[in-house]
Amino acid sequence: MNSKELFLKALNFEPTPRVPVAILGGFTWIIKRDKTSYKNLFNAKDFGVSHVIKAYNDFGADNVNAISIVNFFMKYMGGEICYDKIGENFEVTKPPLKKLAEIKNYSVDTIMEKALADEEFLAGLKQVAELKKHYGDEKLIICDSWAPFTFAGMMVGIQNFLAQILDDEESAQVAIKFACELIERLAEKFIEYGADAFMIGDPVASGDMISPGMFEEFALPSIKMVAEKLDKKNIKYFLHICGNTIARVEPLLNSGIDLLSVDSIDLDKALSICRGNYTLAGDLNPYKVLQIKTPEEVYQHCVSRIKKAELSGGFVLMPGCDLAPNTPLENIQAMVKAAHDTK
């Protein structure tokens, strides 16, 4: 059984010989180690594929992530982005909108036209195709994006967004729907180029940021809207929410997601709620566990999580967020080794 088959069995709640182990993101870790930048990867002759393959071969995980290109949309809308600094993340440095009501001046079609005319955006898609060519069906190839709720927030700045939701709910809903349509179009492109799974990250939907009521009114419907689109394309649909997530586990039942990636959580309680409906992935703190513990401590911590989850499917061992750039490779490999050893 290869890595992709193992991963898919876990997603289908089938018994597996071991727990799948995956990396969430990893690109800032890659560019920090390789002393390069996101821009350099986009402009490389191989679209950065050699960097990805080297890192993921070193990791030994069951998945491979492709580079994120969703922030380019902010540039096409008139915002500012930064992705040319060596060893640093790809960031939105200036939101394109001041008010959510301004979204009426934008067109999803126009933004996609700009994207598909941009060689760097296309390089991100071509990287997916090259990874698919290299790995075939050996590993699960995951492409990612911001979730619509978080993307809508980034269009005006997160704090500004949360304030504007209260003042102009109608415009907030229009902006979120616009983000849904754009993210759906991005997912379609990833599928076209060979992705096996599409993951959306929704940090603004965290219990540390918004109330359960706000989550169910604004964020959850957008998660479901993307699910309806992807379900017709037969692609696996993953969701990541940072921080406090235990209050999100039950509302996400029957949302259409295949996997929920979480930060630290009451694993027993969460699994008892979601198992059979969607897979839970996590919940290794990227700093407190993966970055600062010794490899042996990481190994033992991972073994304890695997024993709680058992081997009946419905669980993937994974960092609770993107890899911190200073995470020792030995600690990542200890996580992977724990998944391989615990049977």
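**Helices, sheet and crossings: asking for the reasons**

Trainee: Which residues of helix α1 are buried, and what makes a residue buried?

Mentor: In α1 (residues 3-11), Ser3, Lys4, Leu6, Phe7, Ala10 and Leu11 are buried. Buried means under 20% relative accessible area, exposed is over 50%, and partly exposed lies in between, with a 1.4 Å probe and protein chains only. The model is predicted: local features need pLDDT of at least 70, side-chain atom pairs count only at pLDDT 80 or more, and totals for chains, interfaces and linings use all residues. Residues are numbered from 1 along each chain as its sequence is written, and side-chain values use heavy atoms, leaving out hydrogens and water.

Trainee: How do you know that they lie on the same side of α1?

Mentor: They cover an arc of only 160 degrees around the axis, so they sit on the same side of α1. That arc is taken from the directions from the helix axis to the C-beta atoms. An α-helix has 3.6 residues a turn, so residues three or four places apart point the same way.

Trainee: What makes α1 a helix here, and β9 a strand?

Mentor: Both are DSSP runs, numbered from the N terminus: a helix is H or I over at least four residues, and a strand is E over at least two. Helix α1 spans residues 3-11, and strand β9 spans residues 315-319.

Trainee: Why is β9 called mostly covered?

Mentor: In β9, 5 of its 5 residues are buried. Phe315, Leu317 and Pro319 are on one side, with Val316 and Met318 on the other. In a regular strand the side chains alternate between the two faces of the sheet.

Trainee: How do you know that β8 and β9 pair?

Mentor: Two strands pair if DSSP finds at least two bridges between them. Strand β8 (residues 279-284) is joined to β9 by 5 bridges, and the two run parallel. Leu284 stands opposite Pro319 in β9.

Trainee: What makes β9 an edge strand?

Mentor: The open sheet has 7 strands in the order β1-β4-β5-β6-β7-β8-β9, with parallel pairing. Its edge strands are β1 (63-65) and β9, since each pairs on one side only.

Trainee: Why is α10 called roughly parallel to α11?

Mentor: The axes of α10 (residues 169-193) and α11 (residues 212-231) come within 10 Å and cross at roughly 30 degrees. Angles under 35 degrees count as roughly parallel, over 145 as roughly antiparallel, 65 to 115 as roughly perpendicular and the rest as oblique, so α10 is roughly parallel to α11.

Technical notes. Axes fitted to C-alpha atoms, helices over the stretch in contact; angles between N-to-C directions.
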